[in-house]
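Here is a short set of exercises to work through with the sequence and the model side by side. Try each task on your own before you read its solution.

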Amino acid sequence: MTVPLIDGSATTLPWSSVSARLRARWGRVVLCAVLGLGAGLTWWVLTPRTYTANSRFVPQVRRTSQSQPLTGLVAQLGINVPGGDAMQSPQFYADLATSREVLRAVLTTRVPVATGDSVPVMDLIRRWKKPTISADDALQYLGDAVTTGVAPKTGVVGVQVTLRDRKAAIGVLDAILDELDRYNRDRRRSQSSAERKFTEERLVESRAALRATEDRMMAFLQRNREVGTSASARFERDRLDRDLLEQQQLYTTMSQANQQSRIEEVRDTPLLTIVESPDARERGNSRGFIPRVGVLSMTGVLLGLGLAFWPGASTAGSVAGATDARRRRDAA
């Protein structure tokens, strides 16, 4: 066994010397092992138990058929409309669940706890951390407790909340889902309201244009009783027919879009399909007994072995004697 000396060099001790030194200083090894075991047990006992609430949902994407009339009209006006909406993607809702706006609203929400009471989330964080914690630090703590993920194939969004209270974790997760649904509903209502106002204005304009085209057609028919005898009259009639058909189609499209936007504006149905309701294990999460106790105990044993073979005055003398004896044997 190689042992370092005081002057920086090293020497090799026979196994008999190693065993003799271990027998002479076994108390150090045992003491360090017991200290490491005690530190690991203390760490494990003082580590609070946590509970993870899980839930999965699918955001309801607005049906394309509902917006086809308006999209077609916008295309006719020469405006380029993107094919997809990033704010309807599952990843958007996964990011929204950990946003500061959503978490700030959750902080003021009252959630049930294990004692049967209902307290605000901010008060729970003050109880777990410190009474003087700031709002920004509380948001950071809550943000660290929330994790999200999106299944790439199905688009299912998973949300997890890890807290020290099982009922509180489930309550916070419920509050997050409610905030996501409220945001989704309010956003769609706002979008439908803007569409309704736009379609109402265009509906009035298209109605006036349709009436003007019909008046032109009536005036033409009154002036031209015999349309088939004149080529110019036939040409004018065909042009008026095309204009009248175009105005009729435009008016029908705007009327349908206006009615659909009115329906969407007052719709109050949930827009998140819950695949897995919020729930958490009764036993809670593992506190890591083996990593804490086992690693610190092994660290104590290694520290004890290091102290047992740490070179001192007596160690240097014994090592020097062993070295001289080895040299005499080699010389003989």
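**Exercise 1.** Leaving aside its neighbours within four places in sequence, which residues is Leu163 in contact with?

*Solution.* Before starting, note that this is a predicted model, in which local features need pLDDT of at least 70 and side-chain atom pairs count only at pLDDT 80 or more, while totals for chains, interfaces and linings use all residues. Residues are numbered from 1 along each chain as its sequence is written, and side-chain values use heavy atoms, with hydrogens and water left out.

Step 1: fix the criterion. Contact means heavy atoms within 4.5 Å.

Step 2: list the partners. Leu163 is in contact with Arg49, Thr50, Tyr51, Trp128, Tyr141, Ala145, Ala168, Ala169 and Val172, its neighbours within four places in sequence being set aside.

Step 3: place Leu163 in its core. A nonpolar core is a set of buried Ala, Val, Leu, Ile, Met, Phe, Trp, Tyr and Cys residues joined through side-chain atoms within 4.5 Å. The largest one has 40 residues, and Leu163, Val172 and Ile176 touch the most other members.

Step 4: see which elements feed this core. Helices (H or I, at least four residues) and strands (E, at least two) are DSSP runs, numbered from the N terminus. At least two residues each come from E3, helix H4 (90–97), H5, helix H6 (121–128), H7, strand E7 (157–163), helix H8 (166–223) and strand E8 (272–280). H8 gives the largest share, nine residues.

**Exercise 2.** Describe the surroundings of Ser55, starting from its place in strand E3.

*Solution.* Step 1: locate the residue. Ser55 sits in strand E3, which covers residues 51–59.

Step 2: classify its accessibility. Buried means under 20% relative accessible area, exposed over 50%, and partly exposed in between (1.4 Å probe, protein chains only). Ser55 counts as buried because its relative accessibility is 1%.

Step 3: look for a polar contact, which is a pair of N or O atoms within 3.5 Å; within protein, one must be able to donate a hydrogen and the other to accept it, and residues adjacent in sequence count only if both atoms are side-chain atoms. The side chain of Ser55 reaches the backbone oxygen of Glu276 at 2.7 Å.

Step 4: collect the other partners. Not counting residues up to four places away in sequence, Ser55 touches residues including Val157, Leu173, Leu177, Ile274 and Pro278.

Step 5: turn to one of these partners. Leu177 belongs to helix H8 and is buried, with a relative accessible area of 7%. Leu177 and Ser55 are 122 residues apart in sequence, yet 9.0 Å apart in space, C-alpha to C-alpha. Residues up to four places away again excluded, Leu177 touches Ser55, Phe57, Leu272, Ile274 and Pro278.

**Exercise 3.** Work out how helix H7 packs with H5 and with H6.

*Solution.* Step 1: set the geometry. Axes are lines fitted to C-alpha atoms, for helices over the stretch in contact, and angles run from 0 to 180 degrees between N-to-C directions. Angles under 35 degrees count as roughly parallel, over 145 as roughly antiparallel, 65 to 115 as roughly perpendicular and the rest as oblique.

Step 2: take H5 with H7. Helix H5 (residues 100–107) and helix H7 (residues 135–145) pack at about 105°, their axes 10 Å apart, so H5 is roughly perpendicular to H7. Among the residues making the contact are Arg100 and Leu103 of H5 and Asp136 and Leu139 of H7.

Step 3: sort these residues. Ala, Val, Leu, Ile, Met, Phe, Trp, Tyr, Cys and Pro count as nonpolar, Asp, Glu, Lys and Arg as charged, and the others, Gly among them, as polar. The contact of H5 with H7 divides into seven nonpolar, one polar and three charged residues.

Step 4: take H6 with H7. Their axes come within 10 Å and cross at roughly 90°, so H6 and H7 are roughly perpendicular to each other. Met122, Ile125 and Trp128 in H6 meet Ala135, Ala138, Tyr141 and Leu142 in H7. This contact has seven nonpolar, no polar and no charged residues.

**Exercise 4.** Is Ala114 buried or exposed?

*Solution.* Ala114 lies in the loop between strand E4 (110–112) and strand E5 (118–120). Ala114 counts as exposed because its relative accessibility is 56%.
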